[in-house]
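Q: Could you take me on a close look at one part of this model, the place where two helices pack against each other? I would also like to see how the rest of the chain is arranged around that part.

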Amino acid sequence: MSSFKKDDNWGETTTAVTGTSELSISQEEVVGLGKEIQDRTQGFRRYLPLAVGSCVGLLVLATPLVFLLLPVVMWPDRLQACGAACEGLFLSISFKILILLVAVWALFLRPSRACLPRVCVYRAFLTTLTLLLTMSYWLFYGVRILDAQDEDYHGIVQFAVSLVDSQLFVHYLAVVLLELRHLRPCYSVCVIRSTDGETRHYNIGQLSIQRAALTILEYYYRDFPLHNPALLSASKHRTAKHLAGLKVYNVDGESPHM
C-alpha cells in the first residue's frame with residue numbers, strides 16, 4: 001500500500017496566469033463618473049418642468065388664435081361677414097389671452113425656489129387636465145368646423161372665446177390647489193436646533209413632506225438667530241493653544257513636597 005505525501009510548499013511553486021484589461025478603470029474615475037451622471041440627472045429634473053410648462057403654455061395661448069386664423073386662410077370666400085358683436089368678441093378674447101399669459105407666467109413659469117426630487121402631483125394633474133381640455137377642443141374643431149368648413153365666423157369666434165374661458169377656469173383651479181389649499185393650518189411642527197436648543201413652533205397646512213421641509217427651512221433662516229458652533233470650538237482651541245505656550249515660574253522658589 002503506497003501513500004502520497006503532499007508538498008508543504010506547493011503553493012509557492014504554483015504559477016498563475018493573469019491578464020490586464022484595457023477597459024480597467026480606477027476608483028476615482030468611477031466616483032467622478034457617478035457624480036457626472038448625478039449632475040446630469042439634477043439638471044434634467046431642474047429644467048424638465050420648465051420646458052413642459054413652456055410648451056403647454058405656448059399651446060394654450062396659440063390654440064385660440066389658430067382657431068380664428070384657419071377659417072380665414074382656408075375658406076375666406078365662404079365666410080359670413082363679422083358684425084359689431086363679432087368684433088367685440090375679438091376685443092374680449094384679446095384681453096383674456098393677455099390676462100391668461102400673465103397668470104400662467106406668475107403661477108407656472110416662475111423660477112422655482114428649490115429643486116425638489118419628486119414631481120408635484122397637483123402640477124402634473126393640472127398640466128394633464130389642460131392638455132386634455134385643449135385636445136378636446138381641437139377634436140371638436142377638426143370634426144365640426146374644419147371638415148364641414150363652417151361659414152358662420154361669428155360662431156367660430158364664440159367657440160374660441162369659450163376655450164379661453166375654460167382655460168381661465170382651469171387656472172382658477174390651479175390657484176386654489178397650489179396657492180390657497182396649504183394656507184389653512186393643519187399641522188403644528190416643533191423645530192429644535194440641537195447645538196444650542198433654540199426652539200420654534202410653526203403651523204403649516206396640507207403639504208407634502210418635501211414641500212413641508214422646504215417651508216420649514218425657509219422659516220428657519222428667517223426666525224432662528226445666527227449660531228455657528230464651529231466658532232466656539234475654534235476659540236476654545238486657540239485659548240488652549242495660547243495657554244499651552246505660556247511658561248509658569250514660581251517666584252517664591254518653593255518646591256512642592258513629595
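A: Happy to; here is the helix pair, with its setting before it and its surroundings after it.

A word on the ground rules. This is a predicted model, in which local features need pLDDT of at least 70 and side-chain atom pairs count only at pLDDT 80 or more, while totals for chains, interfaces and linings use all residues. Residues are numbered from 1 along each chain as its sequence is written, and side-chain values use heavy atoms, with hydrogens and water left out.

Let's start with the setting. The chain has six helices and two strands, where helices (H or I, at least four residues) and strands (E, at least two) are DSSP runs numbered from the N terminus. Their order from the N terminus is α-α-α-α-β-β-α-α. Of the 258 residues, 21% are buried; buried means under 20% relative accessible area, exposed over 50%, and partly exposed in between, with a 1.4 Å probe and protein chains only. The accessible surface is about 19800 Å², and carbon and sulfur atoms hold 62% of that surface; such areas come from the Shrake-Rupley method with a 1.4 Å probe, and for residues only the protein chains shown count as cover. Among contacts (heavy atoms within 4.5 Å) with a separation of 6 or more, 74% join residues 24 or more positions apart.

Now to the pair itself. Two packed helices are described by the angle between their axes and the distance between the axes. Helix α3 (residues 121-146) and helix α4 (residues 153-180) have axes that come within 10 Å and cross at roughly 170°. The axes are lines fitted to C-alpha atoms, for helices over the stretch in contact, and angles run from 0 to 180 degrees between N-to-C directions. The crossing makes α3 roughly antiparallel to α4; the cut-offs are under 35 degrees for roughly parallel, over 145 for roughly antiparallel, 65 to 115 for roughly perpendicular, and oblique for the rest.

From α3, the residues making the contact include Tyr122, Phe125, Leu126, Leu129, Leu133, Tyr137 and Tyr141. From α4, they include Ile156, Phe159, Leu163, Val170, Leu173 and Leu177. By class, the residues of this contact are 17 nonpolar, five polar and one charged. Here Ala, Val, Leu, Ile, Met, Phe, Trp, Tyr, Cys and Pro count as nonpolar, Asp, Glu, Lys and Arg as charged, and the others, Gly among them, as polar.

Helix α3 has 26 residues, and its first and last C-alpha atoms are 36 Å apart, close to the 38 Å expected at 1.5 Å a residue. That expected span is 1.5 Å times one less than the number of residues. Its buried residues are Leu126, Thr130, Leu133, Thr134, Tyr137, Tyr141, Gly142 and Ile145. An α-helix has 3.6 residues a turn, so residues three or four places apart point the same way.

Between the two helices, do have a look at Gln149. Gln149 lies in the loop between α3 and α4, and has a positive phi of about 50° although it is not a glycine. With a relative accessible area of 28%, Gln149 is partly exposed.

Helix α4 also meets residues from elsewhere in the chain. His171 lies in α4 and counts as buried at 12% relative accessibility. Leaving out residues up to four places away in sequence, His171 touches Leu100, Ala103, Val104, Leu107 and Phe108. Pro64 sits in helix α1 (residues 27-74) and is buried too, at 1% relative accessibility. With the neighbours up to four places away again left out, Pro64 touches Ile93, Ile97, Ala160, Leu163, Val164 and Gln167. Pro64 and Leu163 are 99 residues apart in sequence, with their C-alpha atoms 7.0 Å apart.

Finally, just before α3 in the chain, Pro117 lies in the loop between α2 (84-107) and α3. Pro117 counts as exposed, at 53% relative accessibility. Its C-alpha is 8.1 Å from that of Gln210, 93 residues apart along the chain. Gln210 is one of the buried residues of α5, along with Ala212, Leu214, Thr215 and Ile216. The cover over the buried residues of α5 includes β1 (187-192) and β2 (199-204).
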